[in-house]
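Open the model in a viewer with residue selection enabled. The stops below are meant to be visited in order.

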Amino acid sequence: MSLPTPPKLTPLRPLPNLIFASRWLQVPLYLGLIAAQGVYVFHFLVELLHLVEAVFGSQTALQALVTSIGYKTGAPVTTLNETVIMLVVLALIDVVMISNLLIMVIVGGYETFVSRLDLQGHRDQPEWLSHVNASVLKVKLATAIIGISSIHLLKTFINADNYTDRVLIAQTVIHITFLLSALAIAATDRMMSPGKNSH
């Protein structure tokens with residue numbers, strides 16, 4: 001029994017072909033995001049090195065940490081205390097979450113808007129990539145932004161003495177706005193795709 005012959009593809013006319021090929025203009029954008037990812041990795045390693053050096057008593061590394069996290073107190077910081085450690089760790093987590101956001105945009109965006117990555121069956125294929133589309137990508141990005149905003153808000157509250165009430169209120173309102181926006185995006189996606197949730 002012979003296998004069915006796949007349908008012959010009709011070549012695109014010149015103008016549609018040009019318009020469709022224009023999606024490749026996004027490739028330099030994704031390569032730029034990969035470069036930005038490299039910058040974040042470098043920043044993460046520098047901050048981690050400063051933290052390790054500060055643990056072993058380096059005053060230079062400690063002051064670099066205090067400056068980078070914007071920590072201020074009435075007395076000079078001469079030893080690594082719990083607040084500084086917590087703020088540095090939160091800053092490192094922030095970098096990781098932004099890096100995850102970049103990966104979602106790079107991999108998911110390329111797969112959705114440029115070309116297939118053909119990762120089916122690859123042992124390292126991300127679970128979320130198997131069913132990614134523009135709608136799913138929007139929800140995942142909104143969720144990631146809420147996580148990043150939560151870390152920023154927690155850092156601000158821990159270091160609240162160095163911020164005015166206006167800044168604290170503004171950051172809280174912005175975080176709530178992100179949260180409501182993500183809920184609205186998820187609800188819109190659910191309403192537009194009722195078949196996915198009918199079972």
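**Stop 1: Thr 177**

Start by selecting Thr 177, which lies in helix α6, spanning residues 165-192. The model is a predicted one. Is Thr 177 buried or exposed? Neither label applies: Thr 177 has a relative accessible area of 42%, and it is partly exposed because that value falls between the 20% and 50% limits.

Now show the side chain of Thr 177 together with the backbone of Val 173. The Thr 177 side chain comes to 2.8 Å from the backbone oxygen of Val 173. Then add Ile 146, which is 31 residues from Thr 177 along the chain. The C-alpha atoms of these two residues, Thr 177 and Ile 146, are 9.5 Å apart.

**Stop 2: the nonpolar cores**

In soluble globular proteins, nonpolar side chains tend to be buried together. Select Ile 69, Tyr 71, Val 77, Val 84 and Val 88; within the largest nonpolar core, which has 13 residues, these touch the most other members. Colour helices α2 (27-55), α3 (59-69) and α4 (82-113), the elements that each give two or more residues to this core. Helix α3 supplies the largest share, five residues.

Centre the view on Ile 69. Which residues does Ile 69 touch, leaving out those up to four places away in sequence? They are Val 84, Leu 87, Val 88 and Asn 159.

Next, select Ile 98, Met 104, Leu 141 and Ala 144. These belong to a second core, separate from the other and made of seven residues.

**Stop 3: a nonpolar patch on the surface**

Switch to a surface view and select Val 41, Leu 45, Leu 48, Val 52, Val 55 and Phe 56. Together they make a nonpolar surface patch of about 570 Å². Pick out Leu 48, a residue of helix α2. With a relative accessible area of 32%, Leu 48 is partly exposed; that value is over 30%, so Leu 48 meets the accessibility cut-off for a patch.

**Stop 4: the salt bridge**

How many salt bridges are counted in the model? The count is one. To see it, select Glu 111 and Arg 116, whose side chains meet at 3.1 Å, N to O.

Compare the accessibility of the two partners. Glu 111 has 8% relative accessibility and counts as buried because this is under 20%. Arg 116, at 57%, counts as exposed because this is over 50%. The salt bridge therefore joins a buried Glu 111 to an exposed Arg 116.

Key
Residues numbered from 1 in each chain as written. Predicted model: local features only at pLDDT ≥ 70, side-chain atom pairs only at ≥ 80, totals over all residues. Heavy atoms only, no water. Helix = DSSP H or I, 4+ residues; strand = E, 2+ residues; numbered from the N terminus. Buried < 20%, exposed > 50% of the residue type's maximum accessible area, 1.4 Å probe, protein only. Polar contact = N/O pair within 3.5 Å; in protein donor to acceptor, adjacent residues only side chain to side chain. Core = buried A, V, L, I, M, F, W, Y, C linked by side-chain atoms within 4.5 Å. Contact = heavy atoms within 4.5 Å. Patch = residues over 30% accessible without salt bridge, like charges linked within 9 Å, V, L, I, M, F, W, Y side chains within 5 Å. Areas by Shrake-Rupley, 256 points an atom, 1.4 Å probe, with all protein chains shown as cover. Salt bridge = Lys/Arg side-chain N within 4 Å of Asp/Glu carboxyl O.
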